[in-house]
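Please open the model in a viewer and set the display to a ribbon with side chains available on demand. The tour below proceeds by selection, one stop at a time.

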Amino acid sequence: MASTAVKDTNFNMRMNKQKKISLEDLYGSLGMTLAEAVNIFFEKSLMEGGIPFDVRMPRYNKETEEAISEARDIMSGKVKAKAYSSAEELFADLDNE
């Protein structure tokens, strides 16, 4: 007969509300609660002796890094993004480049 571990303490954490909703939806579609998913992560961490997946900075090629930098500049307002009133206008501008 398998013994069930007694849960004798609480673990609390704060997160963005929309992220929590998204995670609850994701794990719910897998048939588990967010708390069950977190417990699975912790159990797997104990079995692996650390985080059970690679944790590293993403590496992108130069073109992708430049695109990410440009997108950040646009989002921060450092660079004004072009706007088009139609797809035809966009494609005409691309043809002129």
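**Stop 1: the packing of helix 2**

Select helix 2 together with helix 1, residues 17–29: in this predicted model, the buried residues of helix 2 pack against helix 1. To see which residues these are, display the side chains of L34, A37 and S45, the buried residues of helix 2. Now turn the view to look down the axis of helix 2: its buried residues fall within an arc of 80 degrees, so they line one face of the helix. On the other side of helix 2, select L46 and M47, which are exposed.

Next, turn helix 2 sideways to view its length. The helix covers residues 34–48, 15 residues in total. From its first C-alpha to its last it reaches 21 Å, close to the 21 Å expected at 1.5 Å a residue. Just after helix 2, select G49, which takes a positive phi of about 80 degrees.

**Stop 2: S45**

Keep helix 2 on display and centre the view on S45, which is found in this helix. Is S45 buried or exposed? Its relative accessibility is 15%, and S45 therefore counts as buried, the cut-off for a buried residue being under 20%. Add G50, I51 and P52 to the selection: S45 touches these three residues, when residues up to four places away in sequence are not counted.

**Stop 3: the largest pocket**

Compute or display the pocket surfaces and begin with the largest pocket, which has a volume of about 790 Å³. The lining of this pocket comprises 21 residues, and those closest to its centre are K7, F11, A35, N39 and F42. Which element supplies the largest share of this lining? Helix 2 does, with nine residues. Colour the lining of the largest pocket by residue class, and it divides into 11 nonpolar, four polar and six charged residues.

**Stop 4: the second largest pocket**

Move to the second largest pocket, with a volume of about 200 Å³. Select M13, M15, L23, Y27, M32, L34, A37, V38, F41 and F42, which line the second largest pocket. Helix 1 and helix 2 are the elements that give two or more residues to this lining. Helix 2 gives the most to the lining of the second largest pocket, with five residues. Apply the colouring by class here as well: the lining of the second largest pocket has 10 nonpolar, no polar and no charged residues.

L34 and A37 deserve a second look at this stop. Both belong to the buried residues of helix 2, and both are among the residues that line the second largest pocket. F42 is likewise worth highlighting, as one of the residues closest to the centre of the largest pocket and also one of those lining the second largest pocket.

**Stop 5: V6 and K17**

Select V6, found in the segment before helix 1. V6 is exposed, with a relative accessible area of 71%. Draw a C-alpha to C-alpha distance from V6 to F42: the two residues are 36 residues apart in sequence and 15 Å apart in space.

Proceed to K17, which lies in helix 1. K17 is exposed, its relative accessible area being 66%. A second distance, from the C-alpha atom of K17 to that of N96, spans 45 Å, and these residues are 79 residues apart along the chain.

**Stop 6: Y60**

For the last selection, take Y60 in the loop between helix 2 and helix 3, the latter covering residues 62–76. At 42% relative accessibility, Y60 counts as partly exposed. Which residues is Y60 in contact with, leaving aside its neighbours within four places in sequence? Display E65 and I68, the residues in contact with Y60 on that basis. Finally, draw the C-alpha to C-alpha distance from Y60 back to V6: they are 54 residues apart in sequence and 45 Å apart in space.

How values were computed: Residues numbered from 1 in each chain as written. Predicted model: local features only at pLDDT ≥ 70, side-chain atom pairs only at ≥ 80, totals over all residues. Heavy atoms only, no water. Helix = DSSP H or I, 4+ residues; strand = E, 2+ residues; numbered from the N terminus. Expected span 1.5 Å × (residues − 1). Buried < 20%, exposed > 50% of the residue type's maximum accessible area, 1.4 Å probe, protein only. Arc of directions from axis to C-beta. Contact = heavy atoms within 4.5 Å. 1 Å grid on protein atoms, 1.4 Å probe; cavity = no way out; pocket = protein on both sides within 12 Å on 5 of 7 lines; lining within 4 Å. Points joined across faces, edges and corners; volume = space filled by probe spheres on them. Nonpolar A, V, L, I, M, F, W, Y, C, P; charged D, E, K, R; others polar.
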